[in-house]
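Visitor: I'm new to this one. Could you walk me through it, a question at a time?

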Amino acid sequence: MASILDFFIFKYLINTFKELWKNLAPTRAYSWKTFIYLSFFSWLMSLLATDLVHGIITHCAWIFLIIGVSWATTENPFKIGKIPIGPWITGALICMFLFGDWTGSIPPIALIIWPTLSSVIAVFPTFFDERIKLKVPAPQFRQNIIILIGSNMVISCWIQFYFVAQDWFEQYPTLLSDHFGKTTMVSDSESQQTRLLRGTVVLEFMEPLLVQELENKSWSEVEKWLLEPQPRIEAIRAEAVKKVPKVEEDFWWRYTYNIGSINSGYNLQLRAVWQGPRSQTEAYYVEKNCQITQSYQPIVTQSSATPGQTAVQNIAVAKVNCQPISELKSYE
């Protein structure tokens, strides 16, 4: 009973394979299926080769694939609505072949060229007659050719603008914190508004360095420090800048400080001013206020009246308390 069941299963698989092969096998040698199979076969052979031979066979596989897909989409146009998208599929394959690599990454140049190249592929047959001789396109097709190529060139320009803007925002991240209400080219999202400014990051890194510099130091030393703070604050800022990745916009940030008196000490105001490109005339800035106050700390010392005994003495030391950094402001 089991052998009969196995026989019918085997016969069913054989018939299924024959039917599948009947549909997949090219009906003639001169066919798009032939190029697809040649591409697949070349890829298999490239796995067995190395170095130069591997590269040559792989390139052949790409060329066979491009020819096969282009041929197939011409014979059996695949449309979205009334628009055949075969040329754009072929154009995508050509861009991947020319600019892609085996890691799967697609460089921006491939995406930029893709629409324009695809439109050229779409109108390419109109420049040839049945005998594959060069001809001038018929007058009724010329306007459509110009519109098709022109519209795809505009799309290429928009894609290029996207990558240019991305490069700007990587090197000048503060631009994302500006207001884009007067432009329709850039959207102003919540994530862009809350993005940390470079000046904010540097001031935040300066806080622990400042605390380390002044906290629990004797009050007399701190007051002396505050009389000539320029070199030390500049050194703290330079050390903080080293902790963040360097970008082009660092050149446009200027850092200032101001020291004022408060009830029990001093207020050190650190300010980062953005002088780079912006939508308003006035410069933007963020600031952080740190209160440096006097506190008393008991220390154990040797008693001067009774040798060998200790005494507790309160000495004045500095306490540093920094406030959260401010919102982005502009000079009024």
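Guide: Below are some questions and answers about the pocket, the disulfide and the salt bridges of this predicted model.

Visitor: How much space lies in the largest pocket?
Guide: Let's start with who is around it. Twenty is the count of lining residues, written 20, and the closest to the centre are T74, P87, I121, A122 and P125. As for the space inside the largest pocket, that comes to about 760 Å³.

Visitor: Which element gives the largest share of that pocket's lining?
Guide: The elements that give two or more residues to the lining are α3 (51-75), β2 (83-84), α4 (86-99) and α5 (108-123). One of them gives four residues, the largest share, and that's α4.

Visitor: And how many residues of the pocket's lining are nonpolar?
Guide: You can sort the lining into three kinds. Two residues are charged and five are polar, which leaves the nonpolar ones, and they number 13.

Visitor: Which strands does the disulfide tie together?
Guide: A search of the whole structure turns up one disulfide. Its partners are C290 and C322, with 2.0 Å from S to S. They sit 32 residues apart in sequence, so the bond ties together two separate parts: C290 belongs to residues 284-302 and C322 to residues 310-322, in other words strands β5 and β6.

Visitor: Is that disulfide right-handed or left-handed?
Guide: Look at the torsion about the S-S bond of C290 and C322. It's about 105 degrees, so the disulfide is right-handed.

Visitor: Is C322 buried or exposed?
Guide: The cut-off you need is that buried means under 20% relative accessible area. C290, its disulfide partner, is at 0% and therefore counts as buried. C322 has 14% relative accessibility, so C322 also falls on the side called buried.

Visitor: What about C95, buried or exposed?
Guide: Use that cut-off again: under 20% is buried. The relative accessible area of C95 is 3%, so C95 is buried.

Visitor: On to charges. Which residue meets K288 and E207 in a network of salt bridges?
Guide: Side chains of opposite charge can pair when their charged atoms come close. K288 has a salt-bridge partner at 3.6 Å, N to O, and that partner sits in helix α8 (residues 198-214), 84 residues away from K288 in strand β5. The network links K288, E207 and that partner, E204.

Visitor: Is K288 buried or exposed?
Guide: Its partner E204 has a relative accessible area of 34%, so E204 is partly exposed, lying between the 20% and 50% cut-offs. K288 has 1% relative accessibility, under the 20% cut-off, so K288 counts as buried.

Visitor: Which residue's side chain meets R232 in a salt bridge?
Guide: R232 is in helix α10 (residues 230-241), and its partner is in helix α8, 19 residues apart from it. R232 itself is partly exposed, at 34% relative accessible area. The two side chains meet at 2.7 Å, N to O, and the partner is E213.

Visitor: How many residues apart in sequence are K319 and E215?
Guide: Their side chains meet in a salt bridge at 3.9 Å, N to O. K319 is partly exposed at 30%, and E215 is partly exposed at 23%. K319 lies in strand β6, while E215 is in the loop between α8 and α9 (219-227), so the pair ties together parts whose separation in residues is 104.

Visitor: Last one: how many salt bridges does the count come to?
Guide: You've met several of them, including K288 with E204 and K319 with E215. The full count of salt bridges comes to seven.

Methods. Residues numbered from 1 in each chain as written. Predicted model: local features only at pLDDT ≥ 70, side-chain atom pairs only at ≥ 80, totals over all residues. Heavy atoms only, no water. 1 Å grid on protein atoms, 1.4 Å probe; cavity = no way out; pocket = protein on both sides within 12 Å on 5 of 7 lines; lining within 4 Å. Points joined across faces, edges and corners; volume = space filled by probe spheres on them. Nonpolar A, V, L, I, M, F, W, Y, C, P; charged D, E, K, R; others polar. Disulfide = S-S within 2.5 Å. Buried < 20%, exposed > 50% of the residue type's maximum accessible area, 1.4 Å probe, protein only. Salt bridge = Lys/Arg side-chain N within 4 Å of Asp/Glu carboxyl O.
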